[in-house]
Amino acid sequence: MSVVYKCLVSLLTCLIAQFRGKKYNPLKKRTDGFEFGMDQMLFGTLLCTAALFLFPTVAMYYFYLALVRTSVWVVQESLLAAAFLATNV
């Protein structure tokens with residue numbers, strides 16, 4: 001699930017940079033100015049709208065699964081500690 005969350009955050013970061021007229025240059029490892037065409041801006045707007053509406057759903061799903069995973073881990077560790085204390089007392 002973290003892969004989907006990371007991809008969505010990366011997509012939103014790139015699209016917000018596009019609205020600001022900037023583009024990431026991987027060769028220089030920095031953000032450079034860029035002149036986007038009308039079709040690229042329209043596609044970016046549509047993609048950003050979809051990503052912004054999906055982001056809260058994906059974020060809540062990710063945080064809920066992280067909470068469940070952490071609580072299962074806590075219960076498992078407490079049971080292991082109880083079993084260890086029961087055998088060594």
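**Entry 1: a term to start with**

I call a residue partly exposed when its relative accessible area falls between the two limits, under 20% being buried and over 50% being exposed. With that settled, I looked up Phe55 in this predicted model. Phe55 has a relative accessible area of 24%, so I put it down as partly exposed.

**Entry 2: the aromatic rings**

How many aromatic pairs does the structure hold? I find 5 of them. The one I opened was Tyr5 with Phe55, a stacked pair with 5.9 Å from centre to centre and 25° between the planes. Tyr5 sits in helix α1 and Phe55 in helix α2, so this pair ties together parts that are 50 residues apart in sequence. I then asked which residues share a cluster with these two, and found that Tyr5, Phe55, Tyr62 and Phe63 form one aromatic cluster.

I also listed the contacts of Tyr5, setting aside neighbours within four places in sequence. Tyr5 touches Phe55, Val58, Ala59, Tyr62 and Phe63.

**Entry 3: the nonpolar core**

Tyr5 turned up again when I looked for the largest nonpolar core. That core has 8 residues in all: Tyr5, Leu8, Leu12, Leu15, Cys48, Ala51, Val58 and Ala59. Helices α1 and α2 each supply at least two residues of this core. As a general reminder to myself, nonpolar side chains in soluble globular proteins tend to be buried together.

**Entry 4: the largest pocket**

Next I went to the largest pocket, and its volume comes out at about 250 Å³. Which residues lie nearest its centre? They are Cys14, Leu15, Ala17, Gln18 and Lys22, out of a lining of 14 residues. Leu15 is thus a name I had met before, as a member of the largest nonpolar core.

The elements giving two or more residues to this lining are α1 (2-19), β1 (22-25) and α2 (38-88). Helix α1 gives the most, with 5 residues. Sorted by class, I count 7 nonpolar, 5 polar and 2 charged residues in the lining.

**Entry 5: the loop and strand β2**

I moved on to the loop between β1 and β2 (30-33), where Lys29 has its place. What caught my eye is its backbone: Lys29 has a positive phi of about 55° although it is not a glycine. Is Lys29 buried or exposed? Its relative accessible area is 65%, so Lys29 is exposed.

Thr31 lies in strand β2. With a relative accessible area of 44%, Thr31 is partly exposed. Neighbours within four places in sequence aside, I find Thr31 in contact with Lys22, Lys23 and Tyr24. Lys22 is also one of the residues that lie nearest the centre of the largest pocket. I checked a distance here too: Thr31 and Cys7 are 24 residues apart along the chain, and their C-alpha atoms are separated by 19 Å.

**Entry 6: a look at Leu79**

My last stop was Leu79, which is found in helix α2. Leu79 has a relative accessible area of 57%, so I noted this leucine as exposed. From Leu79 to Thr13 I get 42 Å in space, C-alpha to C-alpha, with their places 66 residues apart in sequence as the separation.

How values were computed. Residues are numbered from 1 along each chain as its sequence is written. This is a predicted model: local features need pLDDT of at least 70, side-chain atom pairs count only at pLDDT 80 or more; totals for chains, interfaces and linings use all residues. Side-chain values use heavy atoms; hydrogens and water are left out. On a 1 Å grid over the protein atoms alone, a cavity is a set of points where a 1.4 Å probe fits but cannot get out, and a pocket is an open set with protein on both sides within 12 Å along at least five of seven lines; lining residues have an atom within 4 Å of a point. Grid points are joined across faces, edges and corners, and a volume is the space filled by probe spheres set on the points. Helices (H or I, at least four residues) and strands (E, at least two) are DSSP runs, numbered from the N terminus. Ala, Val, Leu, Ile, Met, Phe, Trp, Tyr, Cys and Pro count as nonpolar, Asp, Glu, Lys and Arg as charged, and the others, Gly among them, as polar. A nonpolar core is a set of buried Ala, Val, Leu, Ile, Met, Phe, Trp, Tyr and Cys residues joined through side-chain atoms within 4.5 Å. Buried means under 20% relative accessible area, exposed over 50%, partly exposed in between (1.4 Å probe, protein chains only). Contact means heavy atoms within 4.5 Å. Rings of Phe, Tyr and Trp (its six-membered ring) pair if their centres lie within 6.5 Å; planes under 30 degrees apart count as stacked, over 60 as edge-to-face and the rest as tilted.
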